[in-house]
Amino acid sequence: MKIDGVFEGGGVRGIAHVGAICALEKQGYKWERVAGTSAGAIIAALLAAGYSCTELKGIINNIDYHQFIKKTLLDKIPFIGKGLSAWTKLGIYSNDFLETWLEDILHKKGIHHFGDLSNPQNLKIIASDISNGKMVIFPDDLPKYGFKSHNFSIAKAVKMSSTIPFYFEPIKWKTPKWKQPCYMVDGGILSNYPIWIFDSPAIPHWPTFGFHFVRDEIQAEPVPYTEPISMFKGLFKTMMQAHDLRHLDKETKARTITIPTGTITSTKFQLTTAEKEWLYESGFHAAEKFLQSWNFKRYVNQYRNGNQVRKTYQQSQNLDA
């Protein structure tokens, strides 16, 4: 059966997405359209390029996650480097490695631009334009910035979607339409779990599965915000935890594969081999459990029939607005 997939952002926890993907492919599901935010955008891009579960597992096992937080010249200054980088560059690390790494992997499948895909509309990447205060959906919104949808780099769009505030320098995006650059950051600020993105007024012919992370509740020690850098870090951490604990309505829960990620945070780039394997297995078993009770006809009858279809679609459009 065909399926659409929507992958939540979650930093290094994206490894668990691969486990869930493998469980679905094992049951014969095939990807039609995919979308994602941040780490979910990386997974969606690789699936859209034609990477299989086995290939994805090989990729995540061979990643050196330390490469994603390479220090800039300012970072290397003892004691004050990170603070200087945060103040002058608006982020501690550069996110350039991600774009280069992903560009190379996509190139192996002959993919570079959205137009290289068999259908560019089968991939949606979510980012946040903090200059204009709005969510950006690639490739749909590219014409609004003066670009043609088909010849824009997928890796660049994913880089924008994955630029976690505070940790990474925001992307200065120079566009044909605006004189000043647009500052782009992680799509998770505005829509970390865009489960609505493929919804329409019509009754669906195949399901859309969402992939949502949940962490163990952690009672953290209170953080003394004695200076701006620690305060901004706390704001971002709060935002990401709010996404984890966000309420999901019944219709969303019915098509969501909920993946436990223990106490592993989005920015724990120093993962052990055991932690990587645990995340993968957690995703795999979560998808297996979900499929045991999943019934597409029942879902359509309950949530996507008649007036309910129009109501759900209208709600998704309100979120988009």
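Rings of Phe, Tyr and Trp (for Trp, its six-membered ring) count as a pair if their centres lie within 6.5 Å. The exercises below apply this and related rules to a predicted model.

**Exercise 1. Find which residues ring pairs link into a cluster, and describe the pair of Phe 152 and Trp 173.**

Step 1. By the pairing rule, the count comes to 17 aromatic pairs. Phe 152 and Trp 173 form one of them, with 5.8 Å centre to centre and 70 degrees between the planes. Since planes over 60 degrees apart count as edge-to-face, the pair of Phe 152 and Trp 173 is edge-to-face.

Step 2. This pair links distant parts of the chain, for Phe 152 lies in the loop between strand 5 and helix 6, whereas Trp 173 belongs to strand 7 (residues 171–173), 21 residues apart. Both Phe 152 and Trp 173 are buried.

Step 3. The cluster linked by ring pairs consists of Tyr 29, Phe 209, Phe 290, Trp 294, Phe 296, Tyr 299 and Tyr 303.

**Exercise 2. Place Phe 138 in the nonpolar core, and state what kind of peptide bond joins Phe 138 and Pro 139.**

Step 1. The largest nonpolar core has 79 residues, and those with the most contacts inside it are Phe 138 and Phe 209. Helix 1 (residues 15–26) gives the largest share of this core, eight residues. A second, separate core of 11 residues includes Val 6, Ala 35, Ile 195 and Ile 197.

Step 2. Leaving aside residues up to four places away in sequence, Phe 138 touches several residues, including Phe 114, Phe 152, Met 160, Trp 173 and Met 184.

Step 3. Most peptide bonds are trans. The bond that joins Phe 138 and Pro 139, however, is cis, with omega about 0 degrees, and Pro 139 is placed in the loop between strand 5 (134–138) and helix 6 (154–161).

**Exercise 3. Check the span of helix 10 (residues 273–293) against its number of residues, and find what its buried residues pack against.**

Step 1. Because the expected span is 1.5 Å times one less than the number of residues, the 21 residues of helix 10 should span 30 Å. The end C-alpha atoms are 32 Å apart, which agrees.

Step 2. Among the buried residues of helix 10 are Leu 279, Tyr 280, Gly 283, Phe 284, Ala 287, Phe 290 and Leu 291. The buried residues of this helix pack against helix 1, helix 3 (53–62), strand 9 (208–214), helix 9 (250–254) and strand 10 (256–260).

Step 3. Over the face of Tyr 280 lies Lys 57, at 4.2 Å from the ring centre.

How values were computed: Residues numbered from 1 in each chain as written. Predicted model: local features only at pLDDT ≥ 70, side-chain atom pairs only at ≥ 80, totals over all residues. Heavy atoms only, no water. Core = buried A, V, L, I, M, F, W, Y, C linked by side-chain atoms within 4.5 Å. Buried < 20%, exposed > 50% of the residue type's maximum accessible area, 1.4 Å probe, protein only. Helix = DSSP H or I, 4+ residues; strand = E, 2+ residues; numbered from the N terminus. Contact = heavy atoms within 4.5 Å. Phe/Tyr/Trp six-rings, centres within 6.5 Å; stacked < 30°, edge-to-face > 60°. Lys NZ or Arg CZ within 6 Å of the ring centre and 35° of its normal.
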